[in-house]
Amino acid sequence: MSKTISTIALIAASLLVVAYERMRRNEESSEEEPTSSLTKDEVIRLRAKHFLKAVSVSYENSGGLMIVKGSGSRLMDDEGNAYLDTRNNVAHVGHENPYVVKTIQKQVSQLNTNTRYLHPNAVELAKRLADKLPDPLEVVVFVNSGSEANDLALRLARAYTKSKNTIVVDRAYHGHTLAVLEVSPYKYEHSKEFSLVQNGHFKTPGPHIYKVPCPDTYRGKYRDPSVAGAKFAEYVQNACKDFQDRGESVGAFFIEGGMSVAGVILPPADYLRKSAEAVRAAGGVYIADEVQTGFGRLGTSFWAFQHGDQDVVPDIVTVGKPFGNGMPLAAVITTREIADSFQEMGVEYFNTFGGNPVCCAAGLAVLDVVENEDLQNHALEVGSYLKSRFLGLKERFRLIGDVRGSGLFIGIEFVRNPYTREPASSETSFICTRLKETHHILTSIDGEYDNVLVVKPPLVFSKDDADYFIEAFEEASNKLLALGDAVKSMTKTPT
């Protein structure tokens with residue numbers, strides 16, 4: 001009997017040793033550098049064969065980058081080069097943030113499933129997100145992307161107002177579903193998918209879409225910041241009146257808290273408040289798209305719609321990109337009244353992956369890091385420093401027409417003439433390419449004329465990073481001036 005017990009104990013001990021060795025090997029293998037048998041040329045070839053041509057490659061005109069690793073404010077390519085990242089707002093708390101990575105690894109090793117099952121991660125994240133927003137915004141719906149969030153926001157607005165009539169802002173971008181393309185002039189004005197019709201002063205995808213001018217105080221009609229907000233809001237008021245003159249109500253006013261692809265446009269004081277008042281008086285709701293600029297990026301406030309006016313309260317808010325630090329996580333937040341009107345439509349809302357435990361774990365970790373490391377104030381401090389450095393350069397480089405934004409959301413607009421404000425599009429592409437090729441700095445180009453460098457880095461971007469960026473920018477600008485008119489023939493750098 002004792003011999004049998006000893007044998008069993010020996011077998012059990014052996015099994016424990018085997019299990020331990022397997023666990024140790026798994027941990028070691030997970031820490032190894034990512035490897036691939038494909039070369040960069042092979043990736044380019046396969047991508048050309050299997051991808052849509054409409055899917056672009058950043059910096060393709062100077063050789064696209066094969067990025068294999070990230071850390072903090074840096075991205076690394078297949079040749080071991082590290083690039084300072086001034087453009088990726090998705091990695092909100094830094095590329096491969098250790099705390100976020102470990103949180104995801106822990107959850108994915110336990111469970112990942114859909115929201116028809118109860119799980120604490122989703123409700124904890126919903127509560128923490130709602131707590132960051134003003135009352136009465138309290139109902140949260142998790143989705144996978146900003147496009148999905150904005151699509152659902154439209155459905156909620158239409159269920160509540162019983163109207164599809166939507167006021168959109170020139171140069172706006174809200175995503176790539178068919179519904180949100182209709183409210184994105186940045187896309188629909190360049191796509192053959194839509195047959196545009198005259199509606200007010202502009203052509204739009206249909207009589208239910210009404211476009212108003214972008215509240216741009218640098219290029220727009222109204223440039224005095226003391227009155228620009230109220231004057232630009234008059235366009236929204238007139239749009240509401242046009243719908244009412246047809247005997248129709250307004251469904252929604254859709255606007256980004258900070259307009260990124262438009263070239264870093266922050267609505268001037270009073271614009272959002274007066275526009276929202278007019279829209280609500282006409283039966284509509286105000287949707288704030290925070291996909292690009294939420295979670296403390298502007299420094300002055302946690303949400304861009306609060307920048308300059310903490311009392312502004314949207315009816316629906318959408319969030320995305322930075323929410324999961326690279327994991328597919330987005331959300332719509334609205335009032336109980338609007339949410340209940342959607343329930344009355346009689347259709348269940350189910351999203352297979354929206355709000356899954358792993359992505360929600362990532363979202364909780366992102367909020368932890370933002371709060372524990374005080375990244376909102378860090379964004380304000382570093383962003384203000386960087387902006388002041390660019391304003392200093394503006395005095396010496398006439399090509400810099402405007403420096404605008406807040407926190408780590410900054411736009412530098414280039415012009416050939418400070419009086420006519422002729423866009424310096426080719427020159428902007430030259431600087432972008434020079435920064436990448438010579439200094440290993442990644443930048444992004446946007447704006448109506450592709451002449452705005454948009455700075456929206458991970459919020460861990462430091463003052464040392466800012467100093468290096470400025471030094472490299474000075475060198476690139478001096479090189480540009482030395483080349484003169486030869487640069488004007490340069491094609492756009494895709495970013």
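Two strands count as paired when DSSP finds at least two bridges between them. Keep that in mind for the close-ups below, which all come from a predicted model.

**View 1. Here is an open sheet of four strands with mixed pairing.** Reading across, the order is β1-β2-β3-β15. At the edges stand β1 and β15 (441-442), each with a single partner strand, so one side of each has no neighbour in the sheet.

**View 2. Now for β2 and β3, an antiparallel pair from that sheet.** Strand β2 covers residues 74-77, strand β3 covers residues 82-85, and three bridges link the two. Which residue of β3 does Met 76 stand opposite? Look across from Met 76 and you'll find Ala 82.

**View 3. This is another open sheet of four strands, with antiparallel pairing.** Its strands line up as β13-β14-β17-β16. The edges belong to β13 (400-406) and β16 (444-446), each pairing on one side only. On average, neighbouring strands here are turned by 25 degrees against each other, direction ignored.

**View 4. Let's zoom in on the pairing of β16 with β17.** Strand β17 takes in residues 452-455, and three bridges join β16 to β17. The two run antiparallel. Spot Ser 444, and the residue opposite, in β17, is Val 454.

**View 5. A helix, α12, lies across strands of the sheet in View 3.** Helix α12 spans residues 375-394 and lies across β13, β14 (409-414) and β17. How is α12 angled to β13? The helix runs at about 170 degrees to that strand.

**View 6. Tyr 385 sits in helix α12.** Is Tyr 385 buried, exposed or partly exposed? Its relative accessibility is 24%, and because partly exposed covers the range between under 20% (buried) and over 50% (exposed), that is where Tyr 385 falls. Setting aside neighbours within four places in sequence, Tyr 385 is in contact with Lys 463, Ala 466 and Asp 467. Take Lys 463: this residue is 78 residues away from Tyr 385 along the chain, yet their C-alpha atoms are separated by 7.5 Å.

**View 7. Three residues make a nonpolar patch on the surface.** The members are Phe 51, Leu 52 and Val 55, and the patch comes to about 310 Å². To find Phe 51, go to the loop between α2 (40-50) and β1 (67-71). Phe 51 has a relative accessible area of 44%, which means it is partly exposed.

Note on methods:
Residues numbered from 1 in each chain as written. Predicted model: local features only at pLDDT ≥ 70, side-chain atom pairs only at ≥ 80, totals over all residues. Heavy atoms only, no water. Patch = residues over 30% accessible without salt bridge, like charges linked within 9 Å, V, L, I, M, F, W, Y side chains within 5 Å. Areas by Shrake-Rupley, 256 points an atom, 1.4 Å probe, with all protein chains shown as cover. Salt bridge = Lys/Arg side-chain N within 4 Å of Asp/Glu carboxyl O. Buried < 20%, exposed > 50% of the residue type's maximum accessible area, 1.4 Å probe, protein only. Axes fitted to C-alpha atoms, helices over the stretch in contact; angles between N-to-C directions. Contact = heavy atoms within 4.5 Å.
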